[in-house]
Amino acid sequence: MVQAIVTDIEGTTSSLSFVKEVLFPYSARHLRDFVHTHGQDPAVRRLLDEARQVDGGAREDGPLVDTLLRWIQEDRKIGALKGLQGLLWEEGYRRGDFQGHVYEDAARRLREWHGRGLRLYVYSSGSVQAQVSLFRHTAFGDLTPLFHGYFDTRVGGKKEVASYEAIRRELGLPPTKILFLSDVREELDAAAAAGLRTGCLARGEGPPVDPGPHPVARSFDDLPL
């Protein structure tokens, strides 16, 4: 019996279009002003310094922001960029510029699973800050009390078997007691190789999903839990 569920966000609990058409463009429009306003805040400065190291060393904030904006366009999975986006988006949520999108079936079933005692986690390429902000500011209220924890790419890439082995160790459960949900075949393959159970969400949004050998669900209501 499954005791813990680890879910992806984009295309799984939340719309692909929300991330690509709302969050990414928002960060591209506001990043320069955000760095100008908050560049001396310790959390922002730490992430800027981390991005500077990834970019090869000494650079002033202006040219560094140019690099960050290029990374956004390229959808680069760089921790410092994801961290800055998470802080920027949290400010946007608080100001009411947008609301975190979560599918109705996902919100309802997450509440049901939590009520049944299942341990719920999130694993996304977005920063933990971005994950928490999205689930805190939804049309269904604050969903963060439902989750036991969050994982981002600091635990490893989402297509790497070692990442799911690390998550399994953190959860302290046998892999067959953990269900991983995603809409990406390579992520599901890596989770399965680590021994986790898998479920492929094929919501019909974006390109057709290749589920491979993984059980397919059109929504959270189709998951046999």
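## Exercises on a predicted model: core, pockets and salt bridges

Within the largest nonpolar core, which has 49 residues, Leu68, Trp89 and Trp113 touch the most other members. Such a core is a set of buried Ala, Val, Leu, Ile, Met, Phe, Trp, Tyr and Cys residues joined through side-chain atoms within 4.5 Å; buried means under 20% relative accessible area, exposed over 50%, and partly exposed in between (1.4 Å probe, protein chains only).

This is a predicted model, in which local features need pLDDT of at least 70 and side-chain atom pairs count only at pLDDT 80 or more, while totals for chains, interfaces and linings use all residues. Residues are numbered from 1 along each chain as its sequence is written, and side-chain values use heavy atoms, with hydrogens and water left out.

**Exercise 1. Work out which elements supply the core, and where the core lies with respect to the domains.**

Step 1. Begin with the elements: α1, α2, α3, α4, α5 (104-115), β2 (119-123), α6 and β4 (178-182) each give at least two residues to this core. Helices (H or I, at least four residues) and strands (E, at least two) are DSSP runs, numbered from the N terminus.

Step 2. Now look for the largest share: α1 provides it, with eight residues.

Step 3. Finally, bring in the domains, whose bounds come from an automatic or database domain assignment. Domain 1 (4-16 + 99-217) and domain 2 (19-95) both contribute residues, so the core lies between them.

**Exercise 2. Describe the largest pocket: its volume, its lining and the domains that the lining draws on.**

Step 1. Let's settle the terms. On a 1 Å grid over the protein atoms alone, a pocket is an open set of points with protein on both sides within 12 Å along at least five of seven lines, whereas a cavity is a set of points where a 1.4 Å probe fits but cannot get out; lining residues have an atom within 4 Å of a point. Grid points are joined across faces, edges and corners, and a volume is the space filled by probe spheres set on the points.

Step 2. The largest pocket holds about 770 Å³ of space. Its lining has 39 residues, and those nearest the centre are Glu10, Lys77, Ser125, Val184 and Glu187.

Step 3. Sort the lining by chemistry: 15 residues are nonpolar, nine polar and 15 charged. Here Ala, Val, Leu, Ile, Met, Phe, Trp, Tyr, Cys and Pro count as nonpolar, Asp, Glu, Lys and Arg as charged, and the others, Gly among them, as polar.

Step 4. Helices α1 (16-38), α4 (79-95), α6 (128-136) and α8 (185-193) each supply at least two lining residues. The largest share, five residues, is from α1, and each of domain 1 and domain 2 gives at least three.

**Exercise 3. Find the largest cavity and sort the residues that line it.**

Step 1. The count is one cavity of 30 Å³ or more, and the volume of the largest is about 40 Å³.

Step 2. Its lining consists of Gly79, Lys82, Ser125, Gly126, Ser127, Asp152, Thr153 and Arg154. Sorting them gives no nonpolar, five polar and three charged residues.

**Exercise 4. Examine some of the 25 salt bridges and place their partners in the chain.**

Step 1. A salt bridge is a side-chain nitrogen of Lys or Arg within 4 Å of a carboxyl oxygen of Asp or Glu. Lys158 and Asp8 form one, at 2.6 Å from N to O. Lys158 sits in the loop between β3 (147-151) and α7 (161-171), and Asp8 in the loop between β1 (4-7) and α1, so to link them the pair spans distant parts of the chain, 150 residues apart. Both partners are buried.

Step 2. Asp61 and Arg45 meet at 2.8 Å, N to O. Asp61 belongs to helix α3 (residues 61-73) and Arg45 to helix α2 (residues 42-54), so this bridge ties together parts that are 16 residues apart in sequence. Asp61 is partly exposed, at 23% relative accessibility.

Step 3. Arg76 pairs with Glu74, with 3.3 Å between the closest N and O atoms. Arg76 is partly exposed at 34%, and Glu74 is partly exposed at 41%.

Step 4. Salt bridges with shared partners also join Glu104, Arg108, Arg109, Glu112, Arg116 and Asp221 into one network.

**Exercise 5. Characterise the backbone and surroundings of Asp75.**

Step 1. Asp75 is in the loop between α3 and α4.

Step 2. Its phi is positive, about 55°, although Asp75 is not a glycine. With a relative accessible area of 28%, Asp75 is partly exposed.
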